[in-house]
Amino acid sequence: MKTSDKEVDMPSPESHLSIEQRSLQLGKWGNLVMGVSGIAGAYASHSDALLVDGLYSGVNFFSAMIAARISLSIQSPADARYPLGYEAYEAIYVKYRALVLLGILSYAVFGAVSKIITYATGGEVPDLNFGPIILYMVAMVALCFGLAWWHYWNWRRTGSQSVLLSTEAKASVVDGIISAGAGGGLVGSLLLRGTFLEFIVPVSDSIVVILMCGCIVWQPLRIFLDALHEIAGGTAADEICAKTSSLVEAATAGHAVEILAVTTTKLGRTYFVIAYLNPKTPVAAAEVDHFRQQLETNCQKTLGPAKTEVIITAQAPYATPKAAG
């Protein structure tokens, strides 16, 4: 199903929520299968690399359950408990999900290094059983990239707005890379037998784990930092700020109003736009409300989910215009 420009500009929250829920539901069970398979494969093959892959999928399984609840929560309107709405739930979820994944990767590297040290100092390490590894690699790579496509397709169907589906799609791709890297690296280590590098075959899975974690750690780290920036109240991307400033300028054109600042932040999938205005003539409260509602409609057409606020003031909120969003 191709997403048209009209669908992106005028989203249907009800249908988008249904699509998002179905995508997360299938992803949940898919990750459960992969998590159990990874742990079982690690037990059968004595491979720490497969264990890391299984744990990663296990985190994805529990995350999908939490994401489904958050998907429903963020649809709730603002109330006395959360005057600004529930959008922060999405950013908080993404932040802690990335943090847990970083913890798993750190644990995996620590375990791999410990195993290498044990082997280097003459300790015993179990021999790898390569039979289950090949079967596991083929099945898990197909399942991971299938889930990634499923989440990405549904993300497009929701107007490319759901941070939850975008995060799940990226996580599935990373999971697929882990599975391919773990299986391919371990099977490839068989080629070292009979060569001068044969001595590293017993710890080949530990070497694969370290290389794998080093390659993929940047993805959850970047997600964590982006979510932390949102929660901390940092401004949105420069191009988004430029768009919102243009929308405010267009809305105030022809009126005796000075634009003191326009700030734009983002929480999850929702943008928050605040326009600080200094009217040169008296204005009624109803006029301000009408302007805000019109500005919010225009922002939603341009950006997707957005909330706006208009503050009438004679003083700019920042020391210099450059500091404004």
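## Glu-90 and its surroundings

Contact here means heavy atoms within 4.5 Å. With that in hand, let's start at Glu-90 in this predicted model. Setting aside neighbours within four places in sequence, Glu-90 is in contact with Ile-70, Ile-74, Ser-162, Val-163, Leu-164, Gly-268 and Arg-269. The residue is found in helix α4, and its relative accessibility of 1% makes it count as buried, since the cut-off is under 20%.

Glu-90 also takes part in a network of salt bridges that links it with Glu-20 and Arg-269. Another of its contacts, Gly-268, sits in the turn of a hairpin, to which we come next.

## The β1–β2 hairpin

Strands β1 (residues 257-267) and β2 (residues 270-279) run antiparallel and are joined by 10 bridges. As one point of reference along the pair, Glu-258 stands opposite Asn-278 in β2.

The two strands form a hairpin with two residues between them. In the turn, Gly-268 has a positive phi of about 65°. If you are following side chains along the strands, a general point helps: in a regular strand the side chains alternate between the two faces of the sheet.

## Salt bridges across the chain

The structure holds seven salt bridges. One of them pairs Glu-87 with Lys-307, where the closest N and O atoms are 3.1 Å apart. Glu-87 lies in the loop between α3 (48-73) and α4 (88-120), while Lys-307 lies in strand β3 (residues 306-312), so this pair ties together parts that are 220 residues apart in sequence. Glu-87 counts as buried at 8% relative accessibility, whereas Lys-307 is partly exposed, with a relative accessible area of 26%.

Arg-97 forms a salt bridge with Glu-168, with 3.3 Å between the closest N and O atoms. Because Arg-97 lies in helix α4 and Glu-168 in helix α6 (residues 163-188), the pair ties together parts that are 71 residues apart in sequence. Both Arg-97 and Glu-168 are buried. Within helix α10 (residues 285-303), Glu-296 and Arg-292 are four residues apart, and are therefore separated by about one helical turn. They too form a salt bridge, and their closest N and O atoms are 3.6 Å apart.

## Helix α8 and its buried face

Does the length of α8 match expectation, and which of its residues are buried? At 1.5 Å a residue, the 14 residues of helix α8 (residues 218-231) should span 20 Å, and the end C-alpha atoms are indeed 20 Å apart, which agrees. The buried residues in α8 are Gln-219, Pro-220, Ile-223, Phe-224, Ala-227 and Glu-230. Seen down the axis of α8, they fall within an arc of 130°, so they line one face of the helix.

Just after α8, Gly-233 takes a positive phi of about 90°.

## Two cysteines without a bond

Why do Cys-241 and Cys-299 not form a bond? A disulfide is a covalent bond between the sulfur atoms of two cysteines. The cut-off used here is a pair of sulfur atoms within 2.5 Å. The sulfur of Cys-241 is 11 Å from the closest cysteine sulfur, in Cys-299, and that is too far for a bond. Looking from the other side, the closest cysteine sulfur to that of Cys-299 is in Cys-241, again at 11 Å. By this rule, the count comes to zero disulfides.

As for their surroundings, Cys-241 is buried, with a relative accessible area of 6%. Cys-299 also counts as buried, at 0% relative accessibility.

Methods:
Residues are numbered from 1 along each chain as its sequence is written. This is a predicted model: local features need pLDDT of at least 70, side-chain atom pairs count only at pLDDT 80 or more; totals for chains, interfaces and linings use all residues. Side-chain values use heavy atoms; hydrogens and water are left out. The expected span of a helix is 1.5 Å times one less than its number of residues. Buried means under 20% relative accessible area, exposed over 50%, partly exposed in between (1.4 Å probe, protein chains only). The arc is that of the directions from the helix axis to the C-beta atoms. Two strands pair if DSSP finds at least two bridges between them. A salt bridge is a side-chain nitrogen of Lys or Arg within 4 Å of a carboxyl oxygen of Asp or Glu.
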